[in-house]
Amino acid sequence: MIFTILILTLLWVFQYFFLQNYYQSAKKRDMTLAAARLSASADSDDFYSAIKETAFKNAMNVKIVDEMGNELYNVNNMGSFSLLAQDKFGMKQFELIGKLEETDKATYSEIMSNSDFKVKEIVLITGLSEGDDGGKRYLIIEASIEPLDSTTKIIREQLFYISIILFELAFIVTIIISRRLSKPITELTETAKQFGAGDYEISFTASGYAEVEELSNVLEDAKDEIKKVSDLRKELIANVSHDLRTPLTMVKAYAEMIRDLSGDNPEKREEHLKVIIDESDRLSNLVNDLLAISRMESGNIELNKSEFSVVQKLADCMTRYTLLIEQEGYDIQYIPDEDRIVCADMEKIDQVIYNFINNAINYTGDEKVIRLVQKNKHGCVRIEVTDNGQGISKELLPKVFDRYYRGEKYKRDVVGTGLGLSICKEILKKHDFAFGVTSTEGVGSTFWFEMPTVNEKKHSKRLPKEKPERKVQEQKEQNTDQPKEK
Ligand code: ADP
């Protein structure tokens, strides 16, 4: 409405106050153009026919006069309205010539009026090239400024109707826009209120303007995310309470058994105590994982970065598994590449590697084959942990790094909380390292991450003199042998 009022005010102001001025200056502009055109063609053959055409088309009086103001040629298309035609001795023309000569411009124009007839005219004079006799020539154009009273009256009437139409239109458009805009927003607000009250079954489906639809889509996505987190939380509480209850029950049962039965039987007692210790480990693992993930999610992890040799690090990690290899017949091998220096938080990267290897151990197949592979690439080192287990189905693959996600058919003896991989994800994300998993069902899975290498020239001095590859190679050979020996 304000916009409409503004436009109308502008229209009224322009029509009332500036129409006359605008009309005059437009007329003068036309005349100046016509004069310029004519004077340019002054020497051509069709000069006189051009004068006639201009005079007829624009209802003007066009004259050529000599330097004394005497008329040499005249096409008067204004008839008796021409004020110059009434100027019998050419006095006015002579005066105009004088005024043109005084100015240093190409044209001179003025408004003439006759109070008797209330006639107003514009006269414009410009110089022409010399005539055949060598005398000076001038071109005078005269045109009347028609009184605009009747025109303004018509315009005013029209404006009145335009104003009414515009107001009505503005009113209708305002109502339509506000309905289309505010109705979906009100709907969204209502849905959001239900959502806020904890109803996750609602859906944001407002339509209308693109922006409203976008807002609705964003809210729908946010709802899905929140629903997912809420479901995961419920699942976690169920999982955690289950995982806490089972070891606690075991600890209690075995402690009671020691008290009542096996207290005096050292062999049985040892066995029962081992169960208690194992279950306590399980509990402490769970609590540690929960602590770690909550700390990471609240953004409270600081990376303690340092530069280290990849080969050494991975070889160190492998020592942890010597017992497993010897006693449980696992075939865990490290396949190194040429050594590289990387910069990362060593402890946290350890945690990732252990997590990947532990998962591989937990989920590998009967052959118990696990490979820790280092692959040097341009500018980075790729670490892969591959197992020959059941693999992960395509649908579940994107979920494995999610918080609290656990495969459905996990074994009870697999110590897991469903948090291991999400901790790895947080660590690798914090480092800005690429990571991922590929898996084929029935064949096995490969979990990988890539660490950018540090500029090697700069660090060449710091590289260990002894070639670590050889050491690892030896260890690798030993490892391969071990299960066979067993
Ligand atoms: P968990 O404590 O259950 O191992 P993780 O976050 O480490 O939790 O792993 C999440 C889930 O991803 C596991 O429960 C399992 O279903 C699946 N998973 C992880 N690693 C492997 C693997 N190497 N082979 C098959 N499935 C795996």
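# Reading the labels in a predicted model

User: Why does Phe401 count as buried?

Analyst: Phe401 has a relative accessibility of 8%. The word buried applies under 20%, so Phe401 counts as buried. The model is a predicted one, and this value is computed from it.

User: What makes Phe401 and Phe447 an edge-to-face aromatic pair?

Analyst: The structure holds 11 aromatic pairs, and Phe401 with Phe447 is one of them. Two values decide the matter. The ring centres are 6.0 Å apart, and a pair requires centres within 6.5 Å. The planes make an angle of 65°, and over 60 degrees counts as edge-to-face. Both conditions are met, so the name follows from the cut-offs.

User: Which parts of the chain does this pair link?

Analyst: Phe401 lies in the loop between strand 10 (380-387) and helix 11 (420-431), and Phe447 lies in strand 12 (residues 444-452). The two residues are 46 residues apart, and the pair links distant parts of the chain. Phe401 and Phe447 also belong to one aromatic cluster, together with Phe356, Phe435 and Phe449.

User: Why is Phe447 called buried?

Analyst: The relative accessible area of Phe447 is 6%. Since the limit for buried is under 20%, Phe447 is buried.

User: What makes the charge of Arg320 one that sits over a ring?

Analyst: Arg320 lies over the face of Tyr354, at 3.7 Å from the ring centre. The distance limit is within 6 Å, and 3.7 Å satisfies that part of the definition. Arg382 is likewise placed over the face of Trp448, at 4.2 Å from the ring centre.

User: How many disulfides does a search of the whole structure find, and why is there no bond at Cys343?

Analyst: The search finds zero disulfides. The closest cysteine sulfur to that of Cys343 belongs to Cys380 and is 15 Å away. A disulfide requires two cysteine sulfur atoms within 2.5 Å, so a separation of 15 Å is too far for a bond. The result for Cys380 agrees: its nearest cysteine sulfur is that of Cys343, and Cys380 is in no disulfide.

User: Why is Cys343 called partly exposed, and why is Cys380 called buried?

Analyst: Partly exposed covers the range between 20% and 50%. Cys343 has a relative accessibility of 29%, so Cys343 counts as partly exposed. Cys380 has 12% relative accessibility, which is under 20%, and therefore counts as buried.

User: Why are helix 6 and helix 7 described as roughly antiparallel?

Analyst: Helix 6 (residues 210-260) and helix 7 (residues 266-297) pack at an angle of about 155°, with their axes 9 Å apart. Angles over 145 degrees count as roughly antiparallel, so helix 6 is roughly antiparallel to helix 7. The crossing of helix 6 past helix 7 is left-handed.

User: Why does the description of helix 1 and helix 2 read roughly antiparallel?

Analyst: Helix 1 (residues 2-40) packs against helix 2 at an angle of about 165°, and their axes are 9 Å apart. This angle is over the limit of 145 degrees; helix 1 and helix 2 are therefore roughly antiparallel to each other. Helix 1 passes helix 2 in a right-handed crossing.

User: What makes the phi of Ala59 notable?

Analyst: Most residues other than glycine have a negative phi. Ala59 is not a glycine, yet has a positive phi of about 50°. Ala59 is located in the loop between helix 2 (47-58) and strand 1 (61-66). With a relative accessible area of 39%, Ala59 is partly exposed.

Lys368 also has a positive phi, near 55°, and is a residue other than glycine. Lys368 is in the loop between helix 10 (346-363) and strand 9 (369-377). At 24% relative accessibility, Lys368 counts as partly exposed.

User: Why does Asp345 count as buried, and why does Asp316 count as partly exposed?

Analyst: Asp345, in strand 8 (residues 341-345), has 5% relative accessibility and so counts as buried. Asp316, in helix 8 (residues 310-319), has 46% relative accessibility. This falls between 20% and 50%, so Asp316 counts as partly exposed.

User: How far apart in space are Asp316 and Glu101, C-alpha to C-alpha?

Analyst: Asp316 and Glu101 are 105 Å apart in space and 215 residues apart in sequence. For Asp345 and Phe167, the C-alpha separation is 70 Å, at 178 residues apart in sequence.

Methods
Residues numbered from 1 in each chain as written. Predicted model: local features only at pLDDT ≥ 70, side-chain atom pairs only at ≥ 80, totals over all residues. Heavy atoms only, no water. Buried < 20%, exposed > 50% of the residue type's maximum accessible area, 1.4 Å probe, protein only. Phe/Tyr/Trp six-rings, centres within 6.5 Å; stacked < 30°, edge-to-face > 60°. Helix = DSSP H or I, 4+ residues; strand = E, 2+ residues; numbered from the N terminus. Lys NZ or Arg CZ within 6 Å of the ring centre and 35° of its normal. Axes fitted to C-alpha atoms, helices over the stretch in contact; angles between N-to-C directions. Parallel < 35°, antiparallel > 145°, perpendicular 65-115°, else oblique. Left-handed = near helix turned anticlockwise from the far one by under 90°.
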